[in-house]
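Here is a short tour for anyone opening this model for the first time. Have a look at the picture, then read on for what to look for.

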Amino acid sequence: MVKKKVVRPIAEMARKIREYRALKERPRDSQKYALDYETMTRPYTGKRLPVMAWESVRTESRLFSLMAGLRLFGVGRLFTRKSWLSEHQEPCYWKITKVKVDYTAENMDHGKAWGILTFKGKEESEVKEVDKVVYHDWRLVPKHEEEEFRCFAPVPDQNPRPSHAAYPPLLRAMILARRREEDWHRRPGSRPSTCTGTSSSTRSISTTKRRRSRGEWPPERAPSGESGGGNERERRWGMLTSPHPGLCC
């Protein structure tokens with residue numbers, strides 16, 4: 001018989017209460033990322049910002065610091081980053097579509113935002129959450145400069161990738177030897193190879209020696225002006241056995 005599951009409602013309720021308290025007691029972003037601008041340390045963690053970031057912290061703004069002074073918290077506006085402007089020639093920006101503000105923050109300069117990312121002139125199709133909103137390198141694109149900022153003419157690639165490559169010499173020789181053998185077996189009156197355990201190149205060399213002993217090699221070329229199936233076959237044999245045969249790959 002299947003053992004009946006013991007229901008413990010009090011223990012289940014206590015577990016839910018613990019999870020709820022842990023959720024309520026977790027630090028908010030306004031507490032976690034609060035910054036003392038005099039000492040450049042975060043009071044919650046006690047960590048100090050890198051020295052190279054001090055100038056950006058004093059001169060640049062965070063994303064929600066810019067959104068707090070805009071209508072509808074900047075929904076529909078374009079925001080870019082200082083690092084993108086210095087590293088890429090193509091336009092890189094976020095178009096904000098949704099904002100969730102942390103109203104418990106002192107200046108309402110924390111929260112979450114969602115939007116459509118355009119990176120290096122390529123716009124993504126789905127809405128994603130904006131990352132690195134607490135970085136001090138966000139900039140607002142002015143309303144009258146949005147059209148000019150979006151304009152982008154793609155530059156053709158000056159070093160396109162090759163679409164094909166030549167065969168290595170050994171592989172090319174093996175392919176030519178296999179073609180010679182297959183063409184010889186297609187000719188009427190040719191004997192099937194009875195060699196076992198030998199490679200295709202060895203069989204093709206032995207076949208060529210037998211043809212030379214019978215006076216069938218090299219094949220005679222037809223006079224110019226004549227046409228026929230034999231002429232095409234002999235032309236192909238001459239191409240494959242030339243010192244530098246062409247191989248299309």
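## The chain as a whole

Of the 249 residues in this protein chain, 24% count as buried. Keep in mind that you are looking at a predicted model. The secondary structure adds up to nine helices and six strands.

About 19100 Å² of the chain is exposed, and 53% of that comes from carbon and sulfur atoms. If you take the contacts between residues at least 6 apart in sequence, 55% of them join residues at least 24 apart.

## The nonpolar cores

Let's go inside. The largest nonpolar core is made of 16 residues, and Leu63, Met67, Trp94 and Val130 have the most contacts inside it. Three elements each give this core at least two residues: helix 4 (63-67), strand 2 (93-101) and strand 3 (111-119). Apart from this core there is another, with five residues, including Leu35, Met40, Leu49 and Trp54.

Which residues does Met67 touch, once its neighbours within four places in sequence are set aside? The list runs Phe73, Gly74, Phe79, Ile96, Val99 and Ala113. Ile96 is worth a stop too. This residue belongs to strand 2, and is buried because its relative accessible area is 2%, under the 20% cut-off. Beyond residues up to four places away in sequence, Ile96 touches Met67, Gly74, Val75, Gly76, Arg77, Phe79, Trp114, Gly115 and Val130. Ile96 and Phe79 sit 17 residues apart in sequence, with 7.8 Å between their C-alpha atoms.

## The largest pocket

Now for the open space. The largest pocket holds about 650 Å³. Its lining counts 23 residues, and the closest to the pocket's centre are Arg26, Arg28, Asp29, Asp102 and Lys112.

Where does the lining come from? Helix 1 (9-25), helix 2 (29-32), strand 2 and strand 3 each contribute at least two of the lining residues. Sorted by class, the lining of this pocket has twelve charged, eight nonpolar and three polar residues.

## Closed spaces

How many cavities of 30 Å³ or more are there? The count is two. The second largest cavity holds about 30 Å³ of space.

Arg62, Phe64, Asp109, His110, Gly111, Val133 and Val134 line this second largest cavity. By class, that lining splits into three nonpolar, two polar and two charged residues.

## A buried histidine and its surroundings

His136 sits in the loop between strand 5 (128-129) and strand 6 (138-140). Is His136 buried or exposed? His136 counts as buried, because its relative accessibility is 12% and the limit for buried is under 20%. Leaving out residues up to four places away in sequence, His136 touches Leu35, Tyr37, Ser56, Val57, Glu60, Ser61 and Arg62. Leu35 is also among the residues of the five-residue core, while Arg62 helps line the second largest cavity.

Glu55 is part of helix 3 (residues 54-59). Glu55 is exposed, since its relative accessible area of 60% is over the 50% cut-off. Along the chain Glu55 and His136 are 81 residues apart, yet their C-alpha atoms are separated by 9.6 Å.

## Loops worth a look

Two residues have a backbone angle to check. Most residues other than glycine have a negative phi. Leu72, which is not a glycine, has a positive phi of about 60°. You will find Leu72 in the loop between helix 4 and strand 1 (78-81), and with 56% relative accessibility Leu72 counts as exposed. Lys132 also has a positive phi, near 55°. Lys132 lies in the loop between strand 5 and strand 6, and is partly exposed, with a relative accessible area of 39%.

One more loop to visit is the one between helix 6 (146-150) and helix 7 (169-186), where Ala153 is found. Ala153 counts as exposed because its relative accessibility is 60%, over the 50% limit. Ala153 and Gly121 are 32 residues apart in sequence, and 8.8 Å apart in space from C-alpha to C-alpha.

Conventions:
Residues are numbered from 1 along each chain as its sequence is written. This is a predicted model: local features need pLDDT of at least 70, side-chain atom pairs count only at pLDDT 80 or more; totals for chains, interfaces and linings use all residues. Side-chain values use heavy atoms; hydrogens and water are left out. Helices (H or I, at least four residues) and strands (E, at least two) are DSSP runs, numbered from the N terminus. Buried means under 20% relative accessible area, exposed over 50%, partly exposed in between (1.4 Å probe, protein chains only). Contact means heavy atoms within 4.5 Å. Accessible areas come from the Shrake-Rupley method with a 1.4 Å probe; for residues, only the protein chains shown count as cover. A nonpolar core is a set of buried Ala, Val, Leu, Ile, Met, Phe, Trp, Tyr and Cys residues joined through side-chain atoms within 4.5 Å. On a 1 Å grid over the protein atoms alone, a cavity is a set of points where a 1.4 Å probe fits but cannot get out, and a pocket is an open set with protein on both sides within 12 Å along at least five of seven lines; lining residues have an atom within 4 Å of a point. Grid points are joined across faces, edges and corners, and a volume is the space filled by probe spheres set on the points. Ala, Val, Leu, Ile, Met, Phe, Trp, Tyr, Cys and Pro count as nonpolar, Asp, Glu, Lys and Arg as charged, and the others, Gly among them, as polar.
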